[in-house]
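The report that follows goes through a protein–RNA model region by region. Please keep the sequence and the coordinates at hand while reading.

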Amino acid sequence: MAKNRLPKQSEDFPAWYVEVVKQAGMAEHGLVKGMQIIKPHGYAIWEGMQRALDERFKATGHENLYFPLLFPESLFAAEKDHVEGFAPEVAVVTHGGGEKLEEPLVIRPTSEAVIWSTYATWIQSYRDLPLLYNQWCNVLRWEKRTRLFLRTSEFLWQEGHTAHATSEEAMEEALRMLEVYREVAEDVLAIPVLPGRKSPSERFPGAEETFTIEGLMRDNKALQCGTSHFLGQNFAKAYDVQFLNQQGALEYAWATSWGFSTRMIGALIMTHGDDQGLRLPPALAPVQVAIVPIYRSEEEHALVIEMSSKIRDALAGNGIKVRLDDRDQHRPGFKFGEWELKGVPVRMEIGPRDVEADQVVVARRTGGDKESLPVAGAIAGMAAMLDGIQSDLYDEATALRNANTHEVTDYASFVEGIASESGYWAGAWCGRVECEQKAATDTKATIRVLPVEREDPGAACLVCGRPGVERATWARAY
RNA sequence: CGGGGCGUAGCGCAGCUUGGUUAGCGCGCCUGCUUUGGGAGCAGGAGGCCGGCGGUUCGAAUCCGCCCGCCCCGACCA
């Protein structure tokens, strides 16, 4: 058995999380509170997410561009809800070139302000619409309490900002991008998510409607995994973005914005990781197959490396990301443990006995016994094996989520239930913020998601007993 | 911002109560030999402004004061 150098998830999940992030080489703390250094293994996973998202953005007609990090403070103040929502988290540059600036500059916590003030100069006619743009960048939000990947003051993300001629078109766009996020979360990250709508109190500052995909982590806490906002005409009015429609009348443009961040690396870790370390879905794993050679003498070393190299090349030729771990300073057992910690989906062991028999030993990160396979079969079947691991991870996470999703009809069992067992708790809600707040106080849970299309729950509000108008899903959340 | 904790080698820690030669231990690192199918063994070696400033004292990692930083819990949080 592998020696366990991580805290157990069941005993101390937060400690497990911090240790696995550090030991697997994902990230470490920066020199300033809330800043993080993303290390190669973490960054490679981010690059995988970027590719998956970016190709879907392009396929849905979007283009990338880039707006500046800084903008004048006065610009930020234009949209009232927006500035109020973000004010506590904004960092401001007051000095430059050794002198106090005439006007302080805001470091973007998000880019609606710069982008919409610029869109005002780009949009004159309905013929200029829609504008379907996205940018990949960093943002800064002064957070009181930070955790690697999950909540850092600086983080990387993409923010899409689109402008449309009609409300309907903007709403379609917001939902289209929500679906893109759902697809990437489920098909690429293997994280089952609940797509839906946020309650008014959880909306993005300045949004008319906020949509989210919500994931349930292994400790039964929920995590917001990407949001898409229908912004109405709020930003167009704040930054005076009007266009002439076909009838020659001036109208304010309709907006959306949507974001997906490095927080999702945290979601990936907390959805799939186990007591041995990370478990990466093959679709995202920077290394899908790690080959560990085993040998004693120089002669054995030569034979084993020769066969390992051939297998590596054959797998690479099939488009599989493979690494031959020929480091001589570590013994096989150490390498097994390290590749498991780093979450590599498949490990191949190749030793003298395998060379002799023209076979390899294959171990899946998702479990089951090691097995010996003929070399040709292992190579030919690797893509299918990786697909199997991808769906195993998704199925396992889905089963866990379903087992921890509860339906409730009365308040007492909701409060008692969530106190003893975290997870999703779904029930009827009257739509009033008073009930939302009362339940939040009593249970420490918040409404994570409402159905995209409002559904009559056919029951009385859990909290107050008035007629229910929504089916709300509650959970304690990150 | 409130409550608690911690700053000693790259990492994790002991030493401090009761001040006193050269500040220790484990892991990691370097060299050599032996090893290699689940985290190797032996031998030798390198590595310290004891968070910072000030005070007490013949003498401070150790006692006192102030400051800085980080972590945990809470409040807050697209």
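## Contacts with the RNA bases

In this predicted model, an N or O atom in the side chain of Gln224 lies 2.8 Å from a base nitrogen of RNA strand B. A base nitrogen of RNA strand B is likewise found 2.8 Å from an N or O atom in the side chain of Lys370, whereas at Glu338 it is a backbone N or O atom that lies 2.6 Å from a base nitrogen of the strand.

## The surface near RNA strand B

RNA strand B is surrounded by 37 residues, the closest being Arg141, Arg145, Gln224, Phe334 and Arg347. Of the atoms of the strand that come within 4 Å of the protein, 40% belong to sugar and phosphate. Sorted by class, this surface holds 17 charged, twelve nonpolar and eight polar residues.

Strand S11, helix H10, strand S17 and helix H11 (352-357) each contribute at least two residues to the surface near the RNA. The largest share comes from H10, which supplies seven residues.

## Helix H10 and its surroundings

Helix H10 spans residues 332-341, and its buried residues are Lys335, Phe336, Glu338, Trp339 and Leu341. Glu338, which is among these buried residues, is also the residue whose backbone N or O atom lies 2.6 Å from a base nitrogen of RNA strand B.

The cover over the buried residues of H10 includes helix H1 (13-23) as well as strands S15 (289-293), S16 (322-324) and S17 (346-350). After the helix comes Gly343, whose phi is positive, near 85 degrees.

## The largest pocket

The largest pocket encloses about 990 Å³ of space. Its lining comprises 36 residues, and those nearest the centre are Arg141, Glu143, Arg151, Gln224 and Arg263. Two or more lining residues come from each of helix H4 (80-86), strand S8 (154-164), strand S11 (222-232), strand S14 (254-261) and helix H8 (263-272). By class, the lining has 13 polar, twelve nonpolar and eleven charged residues.

Arg141 and Gln224 appear among the residues nearest the pocket centre and also among the closest residues to RNA strand B.

## A buried glutamine in strand S2

Gln36 belongs to strand S2 (residues 36-38). With a relative accessible area of 13%, Gln36 is buried, and its side chain reaches the backbone nitrogen of Phe149 at 3.0 Å. Leaving aside residues up to four places away in sequence, Gln36 touches Ala27, Glu28, Gly30, Leu148, Phe149 and Thr152.

## Backbone geometry in the loops

Most residues other than glycine have a negative phi, and most peptide bonds are trans. Against that background, several loop positions deserve attention when the backbone is inspected. The peptide bond from Leu129 to Pro130 is cis, with omega near -5 degrees, and Pro130 lies in the loop between helix H5 (112-122) and strand S7 (131-140).

Ala190, although not a glycine, has a positive phi of about 60 degrees; this alanine sits in the loop between helix H6 (167-188) and strand S9 (193-197) and counts as buried, at 0% relative accessibility. Asp358 is not a glycine either and has a positive phi of about 55 degrees. The loop that holds Asp358 runs between H11 and strand S18 (359-364), and Asp358 is partly exposed, with a relative accessible area of 47%.

Terms used. Residues are numbered from 1 along each chain as its sequence is written. Chains are lettered from A and ligands numbered from 1 in the order in which they are written. This is a predicted model: local features need pLDDT of at least 70, side-chain atom pairs count only at pLDDT 80 or more; totals for chains, interfaces and linings use all residues. Side-chain values use heavy atoms; hydrogens and water are left out. On a 1 Å grid over the protein atoms alone, a cavity is a set of points where a 1.4 Å probe fits but cannot get out, and a pocket is an open set with protein on both sides within 12 Å along at least five of seven lines; lining residues have an atom within 4 Å of a point. Grid points are joined across faces, edges and corners, and a volume is the space filled by probe spheres set on the points. Helices (H or I, at least four residues) and strands (E, at least two) are DSSP runs, numbered from the N terminus. Ala, Val, Leu, Ile, Met, Phe, Trp, Tyr, Cys and Pro count as nonpolar, Asp, Glu, Lys and Arg as charged, and the others, Gly among them, as polar. Buried means under 20% relative accessible area, exposed over 50%, partly exposed in between (1.4 Å probe, protein chains only). Contact means heavy atoms within 4.5 Å. A residue is near a molecule or strand if one of its heavy atoms lies within 4 Å of it. A polar contact is a pair of N or O atoms within 3.5 Å; within protein, one must be able to donate a hydrogen and the other to accept it, and residues adjacent in sequence count only if both atoms are side-chain atoms.
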